[in-house]
Amino acid sequence: MKIPTQVYAIRHNPTSKMYIGRSANVEKRVSQHMKMLRSGCHHVEDMQEDFDEFGEDYSVFILDEITKWAERTKEYYWMVKCGTYIRGVGYNYKDHA
């Protein structure tokens with residue numbers, strides 16, 4: 001993991017479901033998510049299904065910053081706080097942060 005890294009959320013506005021991740025380059029990472037969704041091959045099936053059914057309507061938020069190795073659990077903290085690890089609530093049900 002590169003430091004500094006930002007914890008981000010991608011919210012699908014029609015469903016209010018969120019995906020939380022971390023990246024040293026959030027803009028590039030979000031672009032990768034959108035490319036996978038547009039091509040119909042995103043690794044999170046529920047996220048792909050919502051994209052296919054309701055369309056491309058997303059907001060992106062920076063939730064936190066990881067500035068040292070000891071803070072790497074911040075991504076998991078936000079998954080728990082927002083409930084995104086619960087299938088039907090969020091899209092992180094496959095992740096093991």
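Start by selecting G83, the residue that follows helix α3, where phi is positive, near 70°; helices here are DSSP runs of H or I with at least four residues, strands are runs of E with at least two, and both are numbered from the N terminus. The model is a predicted one, in which local features need pLDDT of at least 70 and side-chain atom pairs count only at pLDDT 80 or more, while totals for chains, interfaces and linings use all residues. Residues are numbered from 1 along each chain as its sequence is written, and side-chain values use heavy atoms, with hydrogens and water left out.

**Helix α3 and its buried face**

Next, select residues 74-82, which make up α3, and colour E75, W78 and M79, which are buried (under 20% relative accessible area, with exposed meaning over 50% and partly exposed in between, for a 1.4 Å probe and protein chains only). Looking down the axis of α3, you will find that its buried residues fall within an arc of 105°, so they line one face of the helix; the arc is taken from the directions that run from the helix axis to the C-beta atoms. Which strands do the buried residues of α3 pack against? They pack against β1 (5-12), β2 (17-23) and β3 (58-66), contact being defined as heavy atoms within 4.5 Å.

**Along strand β3**

Now move to V60, which is placed in strand β3 and is partly exposed, with a relative accessible area of 41%. If neighbours within four places in sequence are set aside, V60 is in contact with A9, I10, V26 and V30. A C-alpha to C-alpha distance drawn from V60 to Y77 gives 18 Å, for two residues that are 17 apart in sequence.

**Two aromatic pairs**

The structure holds two aromatic pairs, a pair being rings of Phe, Tyr and Trp (its six-membered ring) whose centres lie within 6.5 Å, with planes under 30 degrees apart counted as stacked, over 60 as edge-to-face and the rest as tilted. Select F51 and Y58, whose ring centres are 6.5 Å apart and whose planes stand at 20°, so this pair is stacked. Then select Y77 and W78, where the centres are 5.4 Å apart and the planes are at 85°, so this pair is edge-to-face. Is Y77 buried or partly exposed? Y77 is partly exposed, at 45% relative accessible area, whereas W78 is buried, at 16%.

**Salt bridges**

Turn now to the charged side chains, where seven salt bridges are found (a side-chain nitrogen of Lys or Arg within 4 Å of a carboxyl oxygen of Asp or Glu). Select E56 and R38, which form one of them, with their closest N and O atoms 2.5 Å apart. E56 lies in the loop between α2 (45-54) and β3, and R38 in helix α1 (residues 26-38), so the pair ties together parts that are 18 residues apart in sequence. Next come D46 and R87, whose side chains meet in a salt bridge of 2.8 Å, N to O. Here D46 lies in helix α2 and R87 in the segment after α3, so parts that are 41 residues apart in sequence are tied together; D46 counts as buried at 10% relative accessibility, and R87 as exposed at 53%. End by selecting D64, E71 and K74, which are linked in a network of salt bridges, with the E71 and K74 side chains meeting at 3.7 Å, N to O.
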